[in-house]
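Hello,

Here is the structure I promised to pass on. Please open it first, then read my notes below.

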2 protein chains.
Amino acid sequence: MPVDNEQNVQATDGTGVARPGTRRPGGRTARTRAAVRDAVLTGLTEHGYSGLTVEYVAEHSGVHKTTLYRRWGGVDGLVADILDLAGEDSWTPPDTGSLHGDLHALALEVVHSFADPASAAPTSAVIAAAFQSEPAAQALRAYYAERFTRCEVIVDRAVARGELPGPRSAIDGGALVRAAAAPLFFRQFITREGLDEPAADQAVAVALAAAHAGMFTTGT
Amino acid sequence: MPVDNEQNVQATDGTGVARPGTRRPGGRTARTRAAVRDAVLTGLTEHGYSGLTVEYVAEHSGVHKTTLYRRWGGVDGLVADILDLAGEDSWTPPDTGSLHGDLHALALEVVHSFADPASAAPTSAVIAAAFQSEPAAQALRAYYAERFTRCEVIVDRAVARGELPGPRSAIDGGALVRAAAAPLFFRQFITREGLDEPAADQAVAVALAAAHAGMFTTGT
DNA sequence: ACCCAAACGCAACGCTTGTTGCGTTACGCT
DNA sequence: AGCGTAACGCAACAAGCGTTGCGTTTGGGT
């Protein structure tokens, strides 16, 4: 029972996520993946992406180094796998009753998620990993595509309330949400200016002003 | 004369940049730095940031490995130094005669710079390096701060032409330019959706719509 | 022209990373 | 319950990374 290490993670219960596309997705394989996932998460929050090593994951998960290299290929694959699991959560965009309220709550979620190291580390780790490996970049693209698709319901509700003009198909909800989120990530990872609530306020205000000016209308 | 390697770079002429803050900024020190800079640039464009190694720079620059570790600390420092030198160029923002034209030309510059591997590699390398080392992050912040300061003249001219309301001090030129650039970098490095000219068009249109709605006015 | 120290070259080294061949475990199927 | 093989553990290894001590070159001041 090498899984029963000092962390004593919940390996056999609900987090024992299966691995689709393989011939033996359950049992030990799932336990291994869950233990590895926990070790990667703790390693990321404690040492960051640059400080995360395969041997660290091997020690803290009880899974042998060889297995990690075989199944995940290296640190990039380990981090990319984290993102796949993160994309399977049950997150739904905020529903405050107004378009501005929804976007503002969403922007604040982003700001606060980067203020907390425990949640900021995995996110920035995958963004960093995407620079090094194509699988990580692909996982990142898929993650945000799915995430912004979920957010389109915000715009749908706003159109239904009459806050935005035209029928539902005439406005690109994904583009609007992306426009609100882009300045935050830009400040966080490109210009490295840091994030605060005024930044979230302005990002939402800019995106909304553009939306009301009709910048996100598709078609006619 | 170990500097005279197979590249035979221009080591003693204008590119022999001095190193401020040291006791011996000129002569051999400057030649070494210039040779290293060229080797880092070629290495980045050929192998990318993850494929850039200190020994590669040592071989292709004629500078010994030990010297690189001592002066630059590692790959992060080498890449950060590239950025310092890049910030000392004579770039000026485009001047097309209209605010939209200037911003659009600027956005196209960004798009085209990422389409060309020779110019995209150093930029993305530094952004990637900023994830791993604080000096690189600081160099990145300083670089873009200085770059956007240069861009403020675009807004100044627009105000002088009467394209934007209010006196010069009432509008945040840096914020406007950042708003136009953010979606491009966001698509390139976060969502990994890739860049094209329509993306530049929309980014400029969104930023301009927000500007005309008064979203970047400071003060009253 | 001289001197001193800053800056660099050199060789050797310990350490970490990633790989390989083989043996063992246990999942899933009949 | 029994079997075949997917999946994992193990030990040993090769290669590359980063460091250290010492000697040599050379820039800059007097």
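I start with a helix pair in chain B. α1(B) and α2(B) cross in a right-handed way. Keep in mind that this is a predicted model.

The two helices cover residues 28-47 and residues 54-61 of chain B. Their axes lie 8 Å apart and meet at an angle of about 125 degrees. α1(B) is therefore oblique to α2(B), as angles between 115 and 145 degrees fall outside the parallel, antiparallel and perpendicular classes.

Which residues make the contact? From α1(B) come Ala35(B), Val36(B), Asp38(B), Ala39(B), Val40(B), Thr42(B) and Gly43(B). α2(B) brings Tyr56(B), Val57(B), His60(B) and Ser61(B). Sorted by class, six are nonpolar, four polar and one charged.

Next, the domains of chain A. Domain 1 spans 1-90, and domain 2 spans 99-212. Between them, 14 residues of domain 1 touch 17 residues of domain 2. On the domain 1 side, α1 (28-47) and α4 (75-86) of chain A each give two or more residues. α4(A) gives the most, with eight. That side holds eight nonpolar, four polar and two charged residues.

Last, the two chains. Chain A and chain B each put 28 residues into their contact. On the chain A side, the elements with two or more residues are α6 (117-129), α7 (134-161), α8 (173-190) and α9 (197-212). α8(A) gives the most here, with seven residues. The chain A side counts 21 nonpolar, four polar and three charged residues.

Best wishes

Methods. Residues are numbered from 1 along each chain as its sequence is written. Chains are lettered from A and ligands numbered from 1 in the order in which they are written. This is a predicted model: local features need pLDDT of at least 70, side-chain atom pairs count only at pLDDT 80 or more; totals for chains, interfaces and linings use all residues. Domain bounds come from an automatic or database domain assignment. Two residues are in contact if their C-beta atoms, placed from the backbone, lie within 7 Å. Helices (H or I, at least four residues) and strands (E, at least two) are DSSP runs, numbered from the N terminus. Ala, Val, Leu, Ile, Met, Phe, Trp, Tyr, Cys and Pro count as nonpolar, Asp, Glu, Lys and Arg as charged, and the others, Gly among them, as polar. Axes are lines fitted to C-alpha atoms, for helices over the stretch in contact, and angles run from 0 to 180 degrees between N-to-C directions. Angles under 35 degrees count as roughly parallel, over 145 as roughly antiparallel, 65 to 115 as roughly perpendicular and the rest as oblique. A crossing is left-handed if the near helix is turned anticlockwise from the far one by less than a right angle, and right-handed if clockwise.
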